[in-house]
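Hi,

Here's the structure I said I'd pass on. Have a look, and my notes follow underneath.

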Amino acid sequence: MTSPAETRPDIPAAADAPDDSRRISMLLGLLFGLAGMGSSSAAVTLPLLGPDLGVSAGIAAWTISLYVLMLAVTTALYGRISDLVGVRAPLLAGLVLMSVGALVAALAPTFGVLLGARVLQGAGAAAVPTLGVAILSARYTGEVRGVAFGRLAGVAAAVSCLGPLIGGLVEASFGWRAVMALPILGALVIPFLWRALSTDGTGARLDIVGAVLVALTAAGIVLLVQSPSGGLVVAAVGATLLVLGVPAVRATVRRRPDGFLPVEVIRNATVVRSAVAASAVPASWFAMLIALPAVLLSDGWEAWQVGLAMVPSAVVALAVPQLTGPLLNRVGSARALAIAGVVASVALVVATVGAWATSAPVLVVGIVLVTFAFGLGQPALSAVVGDAVQPEVRGVALGVSTLLFLIGGSIGSAVVAGISGPLGMPAALLVLAVLPLLGLVVLRPTLRRDPS
C-alpha cells in the first residue's frame, strides 16, 4: 500500500514522516482519551449527580449509556464523510459537538437537559477514534505506522484509565458539573494537529439515506445489548430498530453499491471477521472500567482511591506502544489481534477471582492485563483493516470496524450491569471471559491467510 504522504504536497514526504509520527499519534491519542474520559470520569459522579437532579442511581446511569450509544452509532458516519471531504471538516465538527455537549451538560438545570447534552457530546466524540486512525493510516506506512497506532491506543487507554482519578479529584474540588466539562479540553489540541488534517476526498455526495439507516440499525444493536439494565422498553425499541433496519440497509446497499456502505467493504471477509473478533477486547476493557470501581466502592473505597488503583494500568498503557509496533511487524497484525484476545480472556478470569475475593491487588492485575490487550488490539485492528481495503474507502472501512469495536464496549458494560445484579460481579466477568475465545474462532480463517 502506498501512503498518501508520499505523493501529496500538503503532507511531508514519507521519509520525513517518522519525524512527526510520535507527536501526531500522541496528540490523537490524547483526543481519543478525552473522548473516553467522557465515560470513565463521569462514572464516579453518578452517586452525586442523581440526588442533585432528583433521579435514582439506575436512571442516572443513562448519562453513561446514551453517551456510549451515540459514540458507537455515529462512528461509521464520520468515516464515510472523511472519504468524501477529508478528515479536517468532520473532525472539527465532531469536536465542536463534543465541546458544546460537555458545556451544556455542565450547566444542565434538569436531568432531561443533561441527557440531551450527553447525546450531543457522544455524537461529537465519535469523530475522534475513527478519524484519528484514518489520519495515521493515510499518513504513515510500515513499522512507523504500527508504532503510531500503538502509541495512539496507549495514550488513549492511559488517559481513559486516569479518568476515575481525575474525575474523583475534580468532583471533590469543584463538583460533578466540572467533571462533565472535562472533554472541552480536546479543543485545545486541534491547533497542534492542524497541518496533519487532510482536506482531500473523492468529492462524491454523501448517501444520507444510507447513513441514517446504518445509524438507526447500529442504535438497535446497542440498545438491545444494553436492555438487561435498561428494561423491556429499551429491548423493544432496540429489537424494532434492528428488525426493520437490517433489511432496509441491505436494500440500500443493493440500490447504491458505492453508497454509504460500499459493497467492497461489507463483503470484505478480513474487515468483518477482524472487527467482530476485535470487539471482544473493548468488551473486556469497558467491563473492567466499570467492575473495578463498582467492587471497590461497595467495599468502602473513596472515588479518588479507586482512581489511584487505576494508575498502574495507565502506566502500562503508556508502555505498550514500545511493544506494539515491533510485535505487529514480527507476527503480523491478525496474529497480534489474536494475542490481544487471549490476554483479554485471561484478564477477565483474573478479575473474576479478584471480584469474588474482593481483592484490590488481584483486580488491579486484571485491569493491567486488559489494558495491555486493548493497547495491542486496537492498533492491530486498524492495521488489518487499513491494509485490506482501497484508500478511497479506507475511512468508511475504519468507521465500520470502529463501530463494531465500540459495540463490543457496549456489550461489556451491558453484561456487567445486567448480570452482576442478579448473579454477582464474578459471574458477569466470567461470562465475558468467553467472548474473546469466541472471537478467535471467528478470526481463524484470517489467521490462516496472514502472510506473517
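The second largest pocket (on a 1 Å grid over the protein atoms alone, an open set of points where a 1.4 Å probe fits, with protein on both sides within 12 Å along at least five of seven lines) has 23 lining residues, meaning residues with an atom within 4 Å of a point. Thr217, Val249, Leu261, Ile266 and Val400 sit nearest its centre. Helix 14 (helices are DSSP runs of H or I, at least four residues, numbered from the N terminus) contributes the most to this lining, 6 residues. By class, the lining has 18 nonpolar residues (Ala, Val, Leu, Ile, Met, Phe, Trp, Tyr, Cys, Pro), 3 charged (Asp, Glu, Lys, Arg) and 2 polar (the others, Gly among them).

Bear in mind that this is a predicted model: local features need pLDDT of at least 70 and side-chain atom pairs 80 or more, while totals for chains, interfaces and linings use all residues. Numbering runs from 1 along each chain as its sequence is written, and side-chain values use heavy atoms, without hydrogens or water.

Next, a helix pair: the axes (lines fitted to C-alpha atoms over the stretch in contact) of helix 9 (142–161) and helix 19 (311–319) come within 7 Å and cross at roughly 170°, on a scale of 0 to 180 degrees between N-to-C directions. The two are therefore roughly antiparallel (over 145 degrees). Their contact residues divide into 7 nonpolar, 2 polar and no charged.

On confidence, pLDDT (the predictor's confidence in each residue, 0 to 100) averages 79. Residues 1–18 stay under 50. Where pLDDT is low, don't read the predicted coordinates in detail.

Cheers

Technical notes: Angles under 35 degrees count as roughly parallel, over 145 as roughly antiparallel, 65 to 115 as roughly perpendicular and the rest as oblique. Contact means heavy atoms within 4.5 Å.
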